[in-house]
Amino acid sequence: MYSSSLADAPAIREPLHAPVARLVRGGVTESIHYGSVVVLGADGSTELQLGDVEAAFYPRSALKPVQAVAMVRAGLPLDGELLSLAAASHSGEERHLAGTRRILELAGVPQDALRNVTDLPYDPVVRDGWIRDGREPSRLAQNCSGKHAAMLYTCALNGWSLDGYLDPAHPLQQAIAEIVEDLTGQRIARVTVDGCGAPLFSVSLHGLARAAARITTSAPGTPEARVADAMRAHPEMASGAGRDVADLMRAVPGLLAKDGFEGVEVAALPDGRAVAVKISDGANRARVPVTAAALVRAGVDPGLLTRFAGEPLLGGGEPVGSVRPAHALDPVTVRACA
């Protein structure tokens with residue numbers, strides 16, 4: 001299905017994005033979103049590509065399932081809700097904070113060992129309540145705290161230093177980089193720092209889709225399968241109540257999906273069909289309907305995806321248009337399979 005050898009790192013260049021969505025108001029195209037989309041078949045072949053799917057880019061939090069696999073391979077014993085949280089961009093709900101505390105307790109590591117940035121909860125309603133209660137920004141509330149707690153747990157299990165666990169030269173980050181290359185099938189193009197403070201690895205959009213497919217097609221009980229099973233069984237722990245990525249996993253049986261800042265999303269089915277999306281301007285209003293359209297092109301029953309077609313555009317409080325995927329994403333044939 002996939003070659004075991006690593007391809008060269010993707011080229012670092014300004015991506016040649018293509019139109020992937022348009023905002024239509026009253027029958028007239030008002031705005032156009034550019035981006036790139038790749039759809040992989042169950043055999044790993046490229047069934048559709050728009051834009052520049054081979055250029056180096058940063059997957060942001062869409063890479064978290066791969067990071068979680070690396071930690072499980074390194075001995076992280078979590079499963080279920082806590083493993084889903086280890087791959088999370090969580091909303092800062094109390095269950096997310098409690099889960100992060102529990103991971104740290106299991107690790108025997110104090111909360112002040114966390115080195116992610118301080119922040120308020122990601123969910124607007126939760127954040128507003130936090131502010132009303134006079135609570136200050138914290139590392140625990142920041143949406144990557146579950147991943148950071150799992151990183152500390154992995155370090156503790158392996159006897160690696162807790163100090164400097166975010167340094168790209170640290171054994172933990174070296175282990176993660178190795179698995180990023182293994183699952184994407186290509187060398188890392190560049191390493192920078194993500195918003196939370198952790199190393200961020202640049203691969204291609206094609207490589208990201210390939211990694212998701214490898215995770216969902218792995219044998220039961222493997223680190224890859226454990227991460228996929230945890231996220232699919234507990235999608236709200238990997239995101240939050242009412243989040244579109246959790247709703248998408250609930251809507252499509254067997255789907256693993258993960259979003260990332262700057263308009264990134266990856267999704268894969270148990271048979272290896274996978275899609276990856278990058279919206280060039282980072283807009284969520286395009287990310288969601290484009291991902292849904294890409295999944296239809298991958299063969300998902302469109303009836304399962306109607307709620308992800310995009311929010312209506314309002315004029316005077318009434319619907320007058322919407323964000324619509326580019327015609328290049330229109331289904332060639334309708335294949336009703338999940």
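A residue counts as buried when its relative accessible area is under 20%. Keep that cut-off in mind as we look at this predicted model, starting with two residues that meet it: glutamate 265 and arginine 287 are both buried.

**Salt bridges**

How many salt bridges does a search of the whole structure find? The search turns up 17. Here are three of them, with the distance between N and O atoms.

| Pair | N to O distance |
|---|---|
| Arginine 60 and aspartate 194 | 2.8 Å |
| Arginine 73 and glutamate 224 | 2.3 Å |
| Glutamate 265 and arginine 287 | 2.3 Å |

The glutamate 265 and arginine 287 pair ties strand S8 (residues 264-268) to helix H10 (residues 284-297), with the partners 22 residues apart. Through shared partners, salt bridges also join Arg73, Asp182 and Glu224 into one network.

Next, take the pair of arginine 73 and glutamate 224, joined by a salt bridge. Arginine 73 sits in helix H1 and glutamate 224 in helix H8 (residues 223-233), 151 residues apart. Is each partner buried or partly exposed? Glutamate 224 has 8% relative accessibility, so it is buried, while arginine 73, at 37%, is partly exposed.

Arginine 60 and aspartate 194 also form a salt bridge. Arginine 60 lies in the loop between S4 and helix H1 (64-73), and aspartate 194 in the loop between S5 and S6, 134 residues apart. Both of these residues are buried.

**A small sheet**

Strands S4, S6 and S5 line up in that order in an open sheet with antiparallel pairing. Strands S4 (56-57) and S5 (190-193) are at the edges with a single partner strand each, so one side of each has no neighbour in the sheet. S5 pairs with S6 (residues 199-204) over 4 bridges, and arginine 190 stands opposite serine 202 in S6.

How values were computed:
Residues are numbered from 1 along each chain as its sequence is written. This is a predicted model: local features need pLDDT of at least 70, side-chain atom pairs count only at pLDDT 80 or more; totals for chains, interfaces and linings use all residues. Side-chain values use heavy atoms; hydrogens and water are left out. Two strands pair if DSSP finds at least two bridges between them. Helices (H or I, at least four residues) and strands (E, at least two) are DSSP runs, numbered from the N terminus. A salt bridge is a side-chain nitrogen of Lys or Arg within 4 Å of a carboxyl oxygen of Asp or Glu. Buried means under 20% relative accessible area, exposed over 50%, partly exposed in between (1.4 Å probe, protein chains only).
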